[in-house]
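User: Could you take a close look at one part of this model for me, the N-terminal end of the second chain? I'd like to know how far to trust it and what the rest looks like around it.

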Amino acid sequence: MKTLSVAPKAFTGRIAAFRPSPRLVHAVDWAGRWAAPIADVVVLVAAAVLVPAFYGSTNLKTLAIQIAVLGIVATGQTLVLLVRSIDLSVSAVLALGAVIVVQTTSGASVLVTLFEAFAIAAVVGLANGWLVSKRQVPPFIATYGMLVFVQGARLAYSKGQASGTVPGFLRTIGFGQLGPLPMALLLWLVLNGIVLLVLRYTRFGRWIYAVGGNPSAARYAGIRTDAVVIAAHVICSVLALLGGLVLSGYIGYVDLNLGADYNLNSIAAAIVGGTTFTGGRGNLFGTAAGVALLVLLLNLVVVLGLPIHWQYALQGLVLVLATALQGFRQFLISR
Amino acid sequence: MGITLQKSERWGSARLGQAVALLRNNPSIVLIYGIIIVICVVAAIFNEDFRTASNVANILRQSIVIGLIAIGQSMVVLTGGADMSVAMVARTVGLVVATIFLAANSSNGLIVPLVILGAGIGIVLGCFNGLLVTQTHANPFIITFGVANILRGVNLAISSTPIRGVPDAYLSIYDAKIGLVPVNVIVMALVWLGAWIFTTRVLAGRALFAVGGSERVARLTALRVNWTLLSAFVISATFAALAGLFLLSRTGVGDPNAADGMDFQSIVAVALGGISLYGGKGSLLGTLGGVLLLVILSNVFNALQVDIYYQQLLLGLVVLIAVAAYKSPRTA
């Protein structure tokens with residue numbers, strides 16, 4: 001985009017008119033990076049003052065587990081966003097995995113079922129990645145098509161009503177505690193930590209940022225960009241499945257609408273946390289803060305006793321504001 | 001393009017040459033109408049109900065709602081974006097209009113003002129989307145996805161149960177016929193023609209292609225890029241609002257589940273018709289084909305009594321195959 005400024009003045013008059021001051025650019029960049037952590041603190045303080053019920057021990061445990069589930073899904077979503085893609089099929093994979101594990105535990109051994117479920121998730125991720133990288137389908141469309149397909153497969157498989165019980169070990173992971181902390185939260189913290197370190201210190205992590213930052217430059221630098229995109233999608237689908245298992249362990253049953261919100265929420269969490277759509281910018285610390293913010297806000301709707309449909313509006317509002325902020329930030333940075 | 005034109009003038013018929021060139025440049029249009037014809041012929045041979053005049057009229061009438069939404073969606077996709085809020089806009093308009101009808105005891109005098117109000121809501125929401133996209137440079141997919149969710153919450157706040165009270169006169173929008181042909185099908189044909197002329201003959205319509213092809217080049221040729229993007233979103237939301245109004249006359253109740261999944265279906269219709277999802281390429285003829293294909297497929301599925309769950313599975317499969325088949329050139 002820099003090359004624009006060398007074009008003759010007469011033609012660029014209208015384009016060059018907008019020259020953001022460096023201070024504005026820095027301010028917006030800073031806001032994009034720190035909006036979520038700051039908003040977290042504000043919400044926590046406001047909740048302490050306005051609704052003491054928020055800090056009840058039951059509510060805190062609910063919050064921790066919801067943060068863990070969304071956090072696991074959003075970790076994968078962040079990886080995919082970092083390589084300029086997006087995954088709208090997470091909610092379907094999440095629900096499909098839960099249905100498979102719950103429905104087949106009656107007969108087959110748990111390990112085999114788990115293996116099946118993770119294999120299916122990996123195949124979905126592989127297909128997403130293949131469509132996006134090798135076939136150059138816009139990621140939004142490819143993964144939304146996958147969402148419809150996987151949802152159809154799940155409904156056809158369960159005939160519209162899932163039955164069966166959640167196996168005991170999932171109950172433990174989803175609802176049990178290890179010392180003072182819920183197991184699910186620990187699982188998320190460990191996962192998030194591992195992926196954060198992988199992104200920061202390993203070759204694969206650098207590849208992800210390189211491919212997202214500038215795909216053609218990455219390709220010329222000898223990185224197999226398609227493989228990186230596919231790997232990100234596979235990891236995302238597998239993590240979505242894991243999130244589904246924890247979620248079904250937490251709520252103790254599987255129904256038709258399980259996990260329907262996780263597409264929007266995982267994307268919103270990543271974006272609030274400072275990941276941009278144009279790839280290569282963002283990190284998992286921000287995503288963790290975004291996850292916490294979203295869950296806190298949605299929980300406040302419940303604690304305050306507002307009608308539940310305001311959750312939809314709130315999710316949408318957070319997504320719109322975050323997208324607008326990150327879009328504007330990217331626009332300013334790229335000029 | 002120029003070469004083809006000269007050749008065809010030697011043949012003596014520039015018009016025919018243009019048509020041939022259009023088809024040659026858009027193999028997806030030929031393909032999609034070919035598929036439609038094959039499906040129709042097979043279905044007509046094996047199923048007696050399919051070839052009745054009333055079923056044909058039915059198919060055409062069912063294609064109106066998705067058709068209206070797909071026309072608007074085409075405009076946005078041509079600029080390289082997508083409008084994921086169309087279904088919710090349609091639902092909002094239906095619910096608001098039905099609520100007011102109910103509050104005013106279904107009076108007939110309100111029909112015209114409320115239709116205008118419904119279209120107005122569409123224009124306002126379209127402006128909102130367009131301004132968000134042009135002023136914040138945000139990704140249009142995601143930001144309209146967010147707007148859709150805000151509207152979903154608002155819709156549930158308006159009503160979570162169907163609203164009765166639409167006057168009988170309003171239902172005639174759906175029922176009126178001239179002979180066998182429903183009036184609305186004729187009107188819809190004119191709308192398609194108008195939209196096609198808009199995208200092929202009118203400057204504002206051609207600007208959509210220019211902006212979708214390369215925003216920078218469009219800017220350098222002194223096209224008003226932001227106005228073009230804004231107009232695309234306004235057209236899209238307005239057509240979605242009209243679809244919502246029409247849907248209201250079809251069902252007769254303000255339905256909180258109206259137009260479910262239409263946002264995705266409209267994009268599928270547009271993509272099946274060969275409009276590039278990266279913008280700048282395609283034709284509304286293709287979108288018409290995509291709309292007809294979706295409606296005919298669902299009609300055939302219903303005639304064959306395919307389970308609703310398998311219908312969704314098959315729809316997903318069709319979409320995935322279709323998008324995988326059209327390989328776009330690697331950008332950058």
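Analyst: Let's start right at that end. Residues 1-9 of chain B have pLDDT under 50 throughout, and the model gives that stretch eleven contacts beyond four places in sequence. This is a predicted model, and pLDDT is the predictor's own confidence in each residue, so I'd read those contacts with that score in mind.

Chain B as a whole averages a pLDDT of 87, with 94% of its residues at 70 or above. Chain A also has a stretch with pLDDT under 50, residues 5-14, and there the model has four contacts beyond four places in sequence. The mean pLDDT of chain A is 87, and 92% of its residues reach 70 or more. For the model overall, ipTM is 0.84 and pTM is 0.87.

Moving along chain B, have a look at helix α4, which covers residues 53-78. Its 26 residues reach 35 Å from first C-alpha to last, close to the 38 Å expected at 1.5 Å a residue. α4(B) isn't straight, though: there is a kink of about 40 degrees centred on B:I64. After the helix comes B:G80, with a positive phi near 95 degrees.

Further on, helix α6 (residues 111-136) of chain B packs with helix α12 (residues 225-251) of chain B at about 145 degrees, their axes 7 Å apart. The crossing of α6(B) with α12(B) is right-handed. Sorted by class, that contact has 17 nonpolar and ten polar residues, and no charged ones.

Now for where the chains meet. Chain A puts 41 residues into the contact and chain B puts in 42. On the chain A side, α1 (9-16), α6 (139-158), α10 (215-220), α12 and α14 each supply at least two residues. That side of chain A divides into 29 nonpolar residues, eleven polar and one charged.

Two of those chain A helices also pack together. The axes of α12(A), residues 262-272, and α14(A), residues 310-334, come within 9 Å and cross at roughly 40 degrees. That crossing is left-handed. From α12(A), the residues involved include A:L264, A:A268 and A:I271, and they belong to a set that meets residues of α14(A), among them A:V318, A:A322 and A:Q326. By class, this contact has seven nonpolar, four polar and no charged residues. The spacing fits a general rule: an α-helix has 3.6 residues a turn, so residues three or four places apart point the same way.

Definitions and conventions
Residues are numbered from 1 along each chain as its sequence is written. Chains are lettered from A and ligands numbered from 1 in the order in which they are written. This is a predicted model: local features need pLDDT of at least 70, side-chain atom pairs count only at pLDDT 80 or more; totals for chains, interfaces and linings use all residues. Axes are lines fitted to C-alpha atoms, for helices over the stretch in contact, and angles run from 0 to 180 degrees between N-to-C directions. Helices (H or I, at least four residues) and strands (E, at least two) are DSSP runs, numbered from the N terminus. A crossing is left-handed if the near helix is turned anticlockwise from the far one by less than a right angle, and right-handed if clockwise. Two residues are in contact if their C-beta atoms, placed from the backbone, lie within 7 Å. Ala, Val, Leu, Ile, Met, Phe, Trp, Tyr, Cys and Pro count as nonpolar, Asp, Glu, Lys and Arg as charged, and the others, Gly among them, as polar. The expected span of a helix is 1.5 Å times one less than its number of residues. The bend at a residue is the angle between axes fitted to the seven residues ending there and the seven starting there. pLDDT is the predictor's confidence in each residue, from 0 to 100.
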